Amino acid sequence: MERRARQVTPEYWPVRHRVLLAVVVCGAVTFTMSTMPTMSWLRRGLGESTLLWEGFASAGTRFLAGVLCWLRAGAAAGPGRRAWRWLAAGMMCWSSGSFISAWRFEPDIVPPVPAISDVGWLAFYPCAVIALWELVRQRMTRLTPAVWLDGATAAGGVAILTLWLVLGHPGATTVGEPLQVFFNLVYPLMDAVLVFLAVGAVAMLGWRPSRSWWLLSIGLLLVFAADAMWMIEIISGTIGYEGVENSWWVWAYVFYALASGGALSAEQAVRTAPPTAAVVPVAVAVLALAMLTLALLRPVPLAAAVAAALTVLLALLRLVVSLRQEHVVVASRREARTDELSGLPNRRALREHAQHVLASGERPAALLLLDLDRFKEVNDALGHAVGDQLLAIVAARLRHVLRQGELIARLGGDEFALLTTDTDATDATHVAARIRTAMADPIAIGTSVLQVQASIGIAVHPDHGRDLDELLQAADIAMYRAKRTRSGHHIYTPTQDAAARHRLHELAELRAAVTAGELLVHYQPQIDATTLAVTGVEALIRWRRRDGQVVAPASFLPLVEEAGLMPQLSEHVLQQTCRHLQFWRGAGLHLEASINLTAAEITPALPERLHTLLALHGLPARALLIELTEESLLTERSAARQVLEQLHDLGVRVAIDDFGTGHSTFTYLCELPVDQIKVDKSFVLPMLDDRRAGAAVTASVGLARALGIQTVAEGVETPALLRAAGAAGCDLLQGYHIARPMPADEIPTWAADWSRHHTIHPRPVLRHEEPT
């Protein structure tokens, strides 16, 4: 089990591998010692057999190194394993050529060129090229043009030096027959190809290769140096078998064996060239220019001059790519600090600017945090596309109000932040007023006209915070204060921290109550103004807290909207109301119930949802009436019209709540399928003492009757108001004089008691109603 667990890896060498490596190293050391001039006495003693022994020792050592490389290839995976086995095959091919050369060796005779041993030696090069290609190929798709150019330029530098050193030697292309000249040059030139392939790969790795790659490169350089010196000796007629340089071939194979099994790089190959990588292309370009300059002063090999010219071209291309990359980097940095939708700076840009502005610690500055009012309703009702257009227009308006030393950024969603320097609290309020003025004009998007305002929280540096995070927290508290009080803007005060913590606690408690369906639904009855008969109820939400306190909706509905819980709350009210209507009908009490919804909930899915609920509880569509405020219809009218028409076709009626307090009242009545208006209590309560308020109620009733719309008077709190509202022509009455909101189980008892104590008269039928 332990043997199976210890798999061959680049770091782990099994015993048989270590023994074979020791044999290879001992062979290389022995061969090196035998070629040293100090060992000439041994050569004289052994005579001609010394060279024969050295030839077989060299070939045998290389062959064993090839075997070790083949075994070590198992430590690599995928293309790496194939690469090292190709290299091992090449090493064995070279060793076979060396065995043949040693066997056919004759003292004092220059080996013929070409010879049968050249087949084995030349076979090494395609195998080595394939090995290098396999090592690089697995990462080729991840490399950028700049990295490729770095590799090509570095390889070009090696080519220049190689061609200059090899072809520039006197007699390199003239000594011997043409075929002999070819074989004299092919080995150092092929070695050079391998070297500049290896150097090019190192450049592609950002000059951070692995240990294996360094060992492989050293081996290639040793072979190149040995073959170049052998060529020079052949050309000069000074072939000798003494000298340490004769052992370089053997030691190169030792380095191949040590490198085998390793990866191309210790880390992942870089996708882009590191900044320091540009140093090498520049140095190579200088070398190439020097070669071209030398070519003007003295003869140089043509191939070296051509390589120099191509290298200069590659260096110029690398410069172009570098400039383009720099442009891309600058653009990406700008994009990373810019909000894509609005074109304004984003949170990151704000943070960097704030670090610079607030660095002194005492420089006065102010942070204004803006949040668009009721933006979620626009998104839900008109769609995200319209919401995005709205944000872009708001961003353009904010950009136009900027002054010197101010930065406006979009933090996300509908939140914006403005950081202004050398500003105190008074100046910050002027900036807030300037912003609200810029946003006062309606915004037309398609067929919708939107009236958008923002709640602004103000925090001053250094009084309210020493850094951006503290200022954002303080401005956020102030902004929610402005939103709840509808004051437009608010300056943070430290005493608000306790209130903010209380609000967060209350919000968490409310969220749990809404999610668990623990909110109560109470009902306020409505009566017929003529017969005083109970006709319906309005569903009103109540929150019974854990301490038993019952909270009115005006106190917690803003928190519900802030937390985005309105859809869950409305769904809870709809279900409870339908269940209670079903219960009352079972008790013989046929009532209608009106439910308040926000315009954001008037979605295409609403008609189908109501139809399902009504069918589930066996209720007629007329049992439900949906109430919408004039204010909510201001921005959603065109989008809501189609949904309201579907509700009207279904039989579910629609009412406008708080009638007379909003905008474009007459337009709503003409454009939307409205069945009922509820005259706001701000007109009903003072109608006995205020002639104008009474006239407003009478005018509203007259307009509604002319359009066939039912009228409800809210705020009937005294007997006199009950009679006055009935005399003004209101169809239904609702208020504390009639009844306060009560739980569902109290409605039947209250209705029976009300009917016993009040005279019932026949109720006239409105023109828009059918007789029951």
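In this predicted model, a search of the whole structure turns up four cavities of 30 Å³ or more. A little background helps here: rolling a probe the size of a water molecule over the atoms shows where empty space is left. The largest cavity has a volume of about 50 Å³.

It is worth looking at what surrounds this space. The largest cavity is lined by Trp 84, Leu 87, Ala 128, Ala 131, Leu 132, Leu 135, Leu 216 and Leu 220. Three elements each give two or more residues to this lining: helix 5 (79–103), helix 6 (117–137) and helix 9 (211–236). Helix 6 supplies the largest share, with four residues. In chemical character, the lining of the largest cavity consists of eight nonpolar residues, with no polar and no charged ones.

The cysteines come next. A disulfide is a covalent bond between the sulfur atoms of two cysteines. How many disulfides does the model contain? The count comes to zero, taking a disulfide as a pair of cysteine sulfur atoms within 2.5 Å. For Cys 93, the closest cysteine sulfur belongs to Cys 127 and lies 4.9 Å away, so the distance is too far for a bond. Seen from the other side, Cys 127 is likewise in no disulfide, and its nearest cysteine sulfur is that of Cys 93.

Are these two cysteines buried or exposed? Cys 93 is partly exposed, with a relative accessible area of 24%. Cys 127 has 10% relative accessibility and therefore counts as buried, since the cut-off for buried is under 20%.

Definitions and conventions: Residues are numbered from 1 along each chain as its sequence is written. This is a predicted model: local features need pLDDT of at least 70, side-chain atom pairs count only at pLDDT 80 or more; totals for chains, interfaces and linings use all residues. Side-chain values use heavy atoms; hydrogens and water are left out. Buried means under 20% relative accessible area, exposed over 50%, partly exposed in between (1.4 Å probe, protein chains only). On a 1 Å grid over the protein atoms alone, a cavity is a set of points where a 1.4 Å probe fits but cannot get out, and a pocket is an open set with protein on both sides within 12 Å along at least five of seven lines; lining residues have an atom within 4 Å of a point. Grid points are joined across faces, edges and corners, and a volume is the space filled by probe spheres set on the points. Ala, Val, Leu, Ile, Met, Phe, Trp, Tyr, Cys and Pro count as nonpolar, Asp, Glu, Lys and Arg as charged, and the others, Gly among them, as polar.
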